[in-house]
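Colleague: I would like to learn how to read the helix features of a model such as this one. Could you take me through them slowly?

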Amino acid sequence: MKRLHYLDNLMIFLSVLVVLHHVSIGYGTMGGWCYVTSEKLTGTVQIFLSALTGLEASFSMSLFFFISAFLTIPSLEKKGVSKFIKSRLIRLVVPLLFVMIILAPSVLYYIEIHNKTTQLSWFRYVLQQNTKPYTSHAWFILMLITFESVYIFYWKFIRPHFSISKYLSDAPPTHINILTIILLCSGLTITVRQFFPLGENFIGIEFSNITPYIFMYAIGLLVFRKHWLDDLSKKVAITWFPISLIAATYFCLIIYLLSKYPSIVNKFVSGITWESLSLSFAQTFLCVGFCGFFLHQFKKKFDFTNFILSIIRENRYGVYIFHSAVVVGVTIILEYLTLKPTIKYIMACILSVVFSYTLAGIIRKIPLVKRVI
């Protein structure tokens, strides 16, 4: 398959969003992160950035899963099952274990040393943390391993006898089809949230948000097989993105209300209420609309590469792996400066992105590391 430069550039954009997402939470916006500074953003700025962070979270990781799925089939066809599995063990399992066993506990240790809340040695602390498995920000890798394992099983044992794509039309999905997917995904999301409420996680995975991830991964596989990428993204961008902007407005209103009236949180995160239903539908509309919009826009305006972009592209996965240490380190170091929290936040965003890419580039020069990340 010919390399699609706009997908490379889109994944660079998404990797930057991941870094900015965690910087924002570290400065007091809604969400979970390992370190939140005492110099939080407040007032209108905090509410505004919470809304932006929430909007980004509604589509960014789902889009990562879509692109990953889209690129899975050509890789599997080129390498074959055995070589594909071997390559994924190196590219996915090794980084996941590194984050869970060494990096994430080390970041937590640094935080506790900073807060003067532990007297353990680094080695003892890491051993202690590993008694409680936690994926940290590498939850995406674990979910991707799971999705790819299921697809490999289908590819190897089911597809030779029953191919799902052959029973589906080759014509791009109609607007009715797209609406049906949105409604189905929203309904399943609210169902899952009865068992896994928003904000709760298991070893770092928020199962409350797993439904759109599954849908977008499955859609990514189907879009590649049916050659729908350009037509479908354009259709979604033109028709469904404007609708998703209405959902975005409503979502921002929800963030505002939750910031001003924390007592109403439970109405949105658990149970079957009009609030929780509306939130699930809004997030699904956001996911579909924004994913289609960015795919279409990057195809139109960023389908190119150059020397700098190629270097950035090579380091984006390393950024995902190591950015947590950079974000926490930058946030803590900036606490020693006498500046307004807003200025520190802006500085933290810029420095975290730059240092994350710089660190990834340096680490990838270590022998064998480039093969992994």
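Modeller: Helices (H or I, at least four residues) and strands (E, at least two) are DSSP runs, numbered from the N terminus. By that reading, the chain has 12 helices and 0 strands. This is a predicted model, in which local features need pLDDT of at least 70 and side-chain atom pairs count only at pLDDT 80 or more, while totals for chains, interfaces and linings use all residues. Residues are numbered from 1 along each chain as its sequence is written, and side-chain values use heavy atoms, with hydrogens and water left out.

Colleague: At what angle do the axes of α2 and helix α9 cross?

Modeller: Two packed helices are described by the angle between their axes and the distance between the axes. Axes are lines fitted to C-alpha atoms, for helices over the stretch in contact, with angles from 0 to 180 degrees between N-to-C directions. Here the axes of α2 and helix α9 (residues 274-301) come within 8 Å and cross at roughly 60°.

Colleague: Which residues of α2 and α9 make the contact?

Modeller: Contact means heavy atoms within 4.5 Å. On the α2 side the residues are L55, S58, F59, S62, L63 and F66, and on the α9 side Q283, L286, C287, F290, C291, F294 and L295.

Colleague: Is Y110 buried or exposed?

Modeller: Buried means under 20% relative accessible area, exposed over 50%, and partly exposed in between (1.4 Å probe, protein chains only). Y110, which is found in helix α2 (residues 43-115), counts as partly exposed because its relative accessibility is 38%. Leaving aside its neighbours within four places in sequence, Y110 is in contact with V328, G329 and I332.
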